[in-house]
2 protein chains.
Amino acid sequence: MAVTRHEVRSGAYFDSVVLMQLQKALAELPGVRDAGVVMATPANCELLTASGFALETITAGPDDLLIMVTADDEGTATGAIAQVDELLRRRRSADVAQSFRPRSLATAAQQLPAARWVLVSVPGRYAASVAEEALELGKHVFLYSDNVPLDDEVRLKQKAREKGLLLMGPDCGTAIVNGVGLGFANRVRRGPIGLVAASGTGLQAITVAIHNQGGGVSQALGTGGRDLKAEVGGISTLQALDLLRRDPQTEVVVLVSKPPDPAVARQVLGAALHAQKPVVVCYLGYAPPARRLGDLYFAAGLEDAAKLAAGLSQQPAPPETSITRNIAGGYMRGLFSGGTLAYEALLALQELLQPLYSNVATRPEQRLADSFRSQGHTIVDLGEDEFTQGRLHPMMDNDLRLRRLQQEAADPETGLILLDVVLGEGAHPDPSAELAPAIRKTLQKRDDLELTVLLVGTDEDPQGLDLQAERLHESGASVFHSSAEALAYVARRLAPAPTPPASELPLADFQGELAAINVGLESFYDSLQGQGATAVQVAWRPPAGGNEKLMGILARMKRDRH
Amino acid sequence: MAVTRHEVRSGAYFDSVVLMQLQKALAELPGVRDAGVVMATPANCELLTASGFALETITAGPDDLLIMVTADDEGTATGAIAQVDELLRRRRSADVAQSFRPRSLATAAQQLPAARWVLVSVPGRYAASVAEEALELGKHVFLYSDNVPLDDEVRLKQKAREKGLLLMGPDCGTAIVNGVGLGFANRVRRGPIGLVAASGTGLQAITVAIHNQGGGVSQALGTGGRDLKAEVGGISTLQALDLLRRDPQTEVVVLVSKPPDPAVARQVLGAALHAQKPVVVCYLGYAPPARRLGDLYFAAGLEDAAKLAAGLSQQPAPPETSITRNIAGGYMRGLFSGGTLAYEALLALQELLQPLYSNVATRPEQRLADSFRSQGHTIVDLGEDEFTQGRLHPMMDNDLRLRRLQQEAADPETGLILLDVVLGEGAHPDPSAELAPAIRKTLQKRDDLELTVLLVGTDEDPQGLDLQAERLHESGASVFHSSAEALAYVARRLAPAPTPPASELPLADFQGELAAINVGLESFYDSLQGQGATAVQVAWRPPAGGNEKLMGILARMKRDRH
């Protein structure tokens, strides 16, 4: 009959790697059937219970080390537990080199002054203060630790931005800086694709897919999963995007995350739209505004993003239509006859233009109060029921649009009017005969106004595609045959250009050979060395032996000194 | 000084085309500055006001014809209005052929027995009864009219489905049946792409883009904008999809609409997944589950859908991985170490598998009650905080997964276990050395269980990609290197196959020369004839002269007779 014995060690700190190794060593002893060596968090206790260990009579908390052994008989179980100290000692003597390790970040920084990077993977409650120390030493931080409070993240990132430093994380699993993987990272070809990701495995899966398709990576920068939340405001993402925009080795940028806060998304997409490089946006679980919007490409999933980026890096995108009239600004007014074209314009532009209203909006805050009056940027579907009861559809009858065109042109806030013209069977036999003169008259009256037409039709349509396009063009309108191009044009004309960060990230820190200081998981140090980077491991121990009260006092004393 | 005069004609019915023509004729008279001829709906009155007409003193309702003229002087204004009858008469005498037209749908059907189609574009309140009559005569219906009540739509579509007929609409703007455009339709090349759309201009924009890229269209079928709502349940969409699945001339199918009701979406995607043809899904404003999921391709926008479809019709897709173990069914249990891989799996599979739960679900109804116990189909991210506090990440330490694997295999409801294995720097140095033996043991114990592995890594990763793949494969698992392929495999294995409609739509009605009966807008009749189709126009007038009360009595009498 199997026998289970356990031991609790209170308030002891152990590296998670050490615990895993100890558990394996115990489980491999002859006669031992199963072993568990964990910090006694509720989750770990539940896991042990699910594996058949009986914990009812054991009193242990999250700061206690719990050792459990199930063996063939009592003697084996007790004997196994008795070997714990010996097994731990054996591990320690193998690491004799550890005695020469610096015990503080400051000492490590003196020892390796070339280090521009600090990797932090200590337990979450200690992580913010280690990261802060690194920033104060002028180092970029790769913050692997999770369970770091959100307000610490905001404070640290603001500090980093002020100093022109990048803080990746917290809970940043993956980065590749100038060819060297930090944390979990696959070995991939160098190349022209630069990535910014709020997701660790997302970054791994994309870089792997890029490599497997023959592409390569310039930099892969993590931001932590909360960077695009409203509270953080995308600080790291915007810094990283700006860096990749300036980086001559990056030709295509990829952004990866779950859907951002809407205001943050607008800022990031605005910056991406003006990056003057193709930017592939992969927001998982996000309704993409379009497949392409100018230099922005929206991917559905990680592999799709990799394929898009690899394709763009091998074959440059066709150039954008140049801007015709250099007008001052103002609002866009989209007057649509086609309902789906209106809806597609709304989907695309609502991510970039603000405030935007429509009579076909699905977001309540975007509902146009009165379909007959525009406000801010407006997209109105003139084929909706409120307009068509008791009159012909605007695809057949231009009267409604011609009147609305005059109304918009009379509004000094209008800067750009967007019209769709849909040809084909059943539609008006010659729309440009009525629209072109009205457009010409409108533009003559207001030289600070721009008119853009999306013309939908084929060369076989009865109205004559070329004739319609020519007449509309001659009236002074910019004519597009593709809604993606028309909408990208409008977006670039009217979306605000981003304000660059006050302190730029220095490009040099992302080039040349990587030197780094590692605080925490030793396997990350081994991995740095294995990749040929120069690294120093800090022999980190929790301050005050992990005693929370003492730590609080130390922290306050330190703050008072500054 | 300009003078405005008006006239109200109570309870008169006029075709919208006639009203537009009358307005234009009045506006072109010498001395006339502007004219409005509309049914006095609130919207039309507001439009006239916005154009500068003063309506304060006029009493007119939605059933009244309002004629307004602004002219240089009183005489011209009054004179213009006096010409209304003359102008209307002139139009009528031009249509002398109208006298030979059938006055009822039944007579028209006798006159053109070859007609399998009826186009209905009478005002909304009359449309349901005309469409119903057409169905009773055994005809397919293209229902252009809008403002048809939802319960009428449901009743009509159920009747159509029973009879093996297709009802497109209400508010169906566009269709192309065997090369002939109905309603608003562009002239496009014939070809192997078949479309089903809940959107009129959407269908136009896609067919135009397909044509402009050198592709061609077999059928383009409309369903009306509400077909994919829960109440209607996608009746027309599912009928049309089934038709295109059987149609030998259709090689690629495209579905277009706004995002459907979730349950309807699952049904439609399930049917599409088993169509054995590539299906491009273009749901506007919808977060796509993936770019590709087996034979399903998800497009972001109309032009993207057209490009995808044109590409697929020119270059067939690579074949799917064949299914290895033919197991009975059961639930999927996804045990992930990579958070983003788990999230991507959730996004993809939640559209197809039901019920699905996860500890990383964003939809509240999908939240796993207890991360440590699976229910239904389950996706669990073992790298979440509840698992990693006080222990190593599962990418470094397999202990957690090995224990959960045993737990799932012990559950008789488990039919398929999905694991990710992520290689690279920082990760476990040899994951398959621990996972493969556990997989082999599990499959030996349960021969009704399937094991699927998503392996993420490059040929340069330190663990050895080929070695890892080989060991996992030899253990009996299906190994995939692409998450799209792995997820498509799981979806096809576990998503239920659709039940085909009881009465199939007859393919013959969509082939051969088109003959149709048109009830309503005369321009649709002209367009049919212009395209070489055989057509009959019904000289339709509202029953009981448009008198609502009398209509109600007539309808009740008719119902009583049946």
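The legends below describe close-up views of a predicted model.

Residues are numbered from 1 along each chain as its sequence is written, with chains lettered from A and ligands numbered from 1 in the order in which they are written. Because the model is predicted, local features need pLDDT (the predictor's confidence in each residue, from 0 to 100) of at least 70, side-chain atom pairs count only at pLDDT 80 or more, and totals for chains, interfaces and linings use all residues.

**View 1. The two chains and their rotation axis.** A turn of 180° and a shift of 0.0 Å along the axis lay chain B on chain A with an RMSD of 0.1 Å, the superposition being by least squares on the C-alpha atoms of residues with pLDDT of at least 70 in both copies. The two copies are thus related as by a two-fold rotation axis. Among the residues of chain B, B:A287 comes closest to this axis, its C-alpha lying at 1.9 Å. For the complex, the predictor gives an ipTM of 0.89 and a pTM of 0.91.

**View 2. The interface between chains A and B.** In this interface 88 residues of chain B are in contact with 88 residues of chain A, contact being counted if C-beta atoms, placed from the backbone, lie within 7 Å. Of the interface residues of chain B, 100% are also interface residues in chain A, so the copies meet through the same surface.

**View 3. The surroundings of A:D420.** A:D420 is buried, with 29 other C-beta atoms within 10 Å (buried means 20 or more such atoms, placed from the backbone). The residues that A:D420 touches, not counting those up to four places away in sequence, include A:F336, A:L341 and A:V456. A:V456 is 36 residues from A:D420 in sequence and 7.4 Å away in space, C-alpha to C-alpha.

How values were computed. Contact = placed C-beta atoms within 7 Å. Buried ≥ 20, exposed ≤ 12 C-beta atoms within 10 Å, placed from the backbone.
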